[in-house]
Amino acid sequence: LLVFSSGTKDGGGSGLRELLRNARTGVLHATIVAVVSNHAEGGVFHVAQQYQVPFMHFTGPFNAEEYQKIIEVHGAEWVALSGWLKLAAGLDPQRTINIHPGPLPRFGGKGMYGKHVHAAVVEAFKAGEVTTSHVTMHFVTPQYDEGPVIFRYPILVEEGDDGPALGERVNKVEHGWQSYITNLVVNGLISWDGKDPKSLKVPEGYQFLEAKY
């Protein structure tokens, strides 16, 4: 498993840290072969150092050829985007997943990440349009946040919430579930043919494809 994670030049990488921890505990039955960030010595770099995982600084160009070179160099079979803020190109849609901190498709697309998602959800709540936010995971296609959704977990928005307060609760759910769902994907229990969303297969009794708005 190869993980792309932006973080910031000063911090971030909390989701990556949970993936690395859970790869050690066995919640995630996968070897994380490397971590890639667009920040040279930011939070993601320091997390990778702490867990002694190879780190690569990726400065672009962010095109299919460059992404495929990175995957080939590291011998990765699967790719996880965990807070990766660049458009991913040339990745196998059957073997690449992303986690998103809000309901899709409404709160997705270019520019809708992190604090921007949480602020937009709070505004929609105040307008009486939604009652929950979601942690969403999906397979990755060439368009931002448009691959078939494989996981939705609702988080109640409450009176008095602002973006940071909601974001803190969303992050807790992200950290708790990302490794578990990633494990189902890399071990073939959640899959699709890379073309038709209707081909999506999930375990019997799986309850996380729909969530209350």
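How many of the residues of strand E5 are buried? The answer is 5 of its 5, so to speak a strand that is mostly covered. Keep in mind while browsing these views that the model is predicted.

**View 1. Strand E5, covered on both faces.** Here we zoom in on E5, which spans residues 96-100. In a regular strand, side chains take turns between the two faces of the sheet. On one side of E5 you'll find Thr-96, Asn-98 and His-100, while Ile-97 and Ile-99 sit on the other, and every one of these is buried.

**View 2. The neighbours of E5: strand E4 pairs with E5 in the parallel sense, and strand E6 in the antiparallel sense.** E4 covers residues 79-82 and shares 4 bridges with E5. Look for Ser-82, whose bridge partner in E5 is Ile-99. E6 runs through residues 132-139 and also joins E5 over 4 bridges. Ile-99 turns up again here, with Met-137 as its bridge partner in E6. Next to that, follow His-100 across to Thr-136, its bridge partner in E6.

**View 3. The whole sheet, an open one with 7 strands.** Reading across, the strands come in the order E3-E2-E1-E4-E5-E6-E7, and the pairing is mixed. E3 and E7 (149-156) are at the edges with a single partner strand each, so each has one side without a neighbour in the sheet. From one strand to the next, the twist averages 20 degrees.

**View 4. Helix H1 lying across strands E1, E2 and E4.** What does H1 lie across? Its strands are E1 (2-4), E2 and E4, and H1 runs at about 140 degrees to E4.

**View 5. Helix H2 and what covers its buried residues.** H2 takes in residues 43-50, and its buried residues are Gly-43, Val-44, Phe-45, Val-47 and Ala-48. An α-helix has 3.6 residues a turn, so residues three or four places apart point the same way. The cover over the buried residues of H2 includes helix H1 (14-25), strand E2 (34-37) and strand E3 (55-57). Just past the end of H2, have a look at Gln-52, which takes a positive phi of about 55 degrees.

**View 6. Phe-4 and Tyr-67, one of 16 aromatic pairs.** The two rings are tilted, with 50 degrees between the planes and 5.5 Å centre to centre. Phe-4 belongs to strand E1 and Tyr-67 to helix H3 (residues 64-74), so to find both you need to hop 63 residues along the chain; the pair links distant parts of it. Are these two residues buried or exposed? Both are buried.

**View 7. Phe-151 and Trp-177, another tilted aromatic pair.** These rings are 5.5 Å apart centre to centre, with 35 degrees between their planes. Because Phe-151 is in strand E7 and Trp-177 in helix H5 (residues 163-186), the pair ties together parts 26 residues apart in sequence. Phe-151 is buried, at a relative accessible area of 0%, whereas Trp-177 is partly exposed, at 24%. Step back a little and ring pairs link Phe-151 and Trp-177 with Tyr-153, Tyr-180, Tyr-206 and Phe-208 into a cluster.

**View 8. Arg-95 over the face of Trp-78.** Which residue lies over the ring of Trp-78? That's Arg-95, at 4.4 Å from the ring centre.

Notes
Residues numbered from 1 in each chain as written. Predicted model: local features only at pLDDT ≥ 70, side-chain atom pairs only at ≥ 80, totals over all residues. Heavy atoms only, no water. Buried < 20%, exposed > 50% of the residue type's maximum accessible area, 1.4 Å probe, protein only. Helix = DSSP H or I, 4+ residues; strand = E, 2+ residues; numbered from the N terminus. Contact = heavy atoms within 4.5 Å. Pairing = 2+ DSSP bridges. Axes fitted to C-alpha atoms, helices over the stretch in contact; angles between N-to-C directions. Phe/Tyr/Trp six-rings, centres within 6.5 Å; stacked < 30°, edge-to-face > 60°. Lys NZ or Arg CZ within 6 Å of the ring centre and 35° of its normal.
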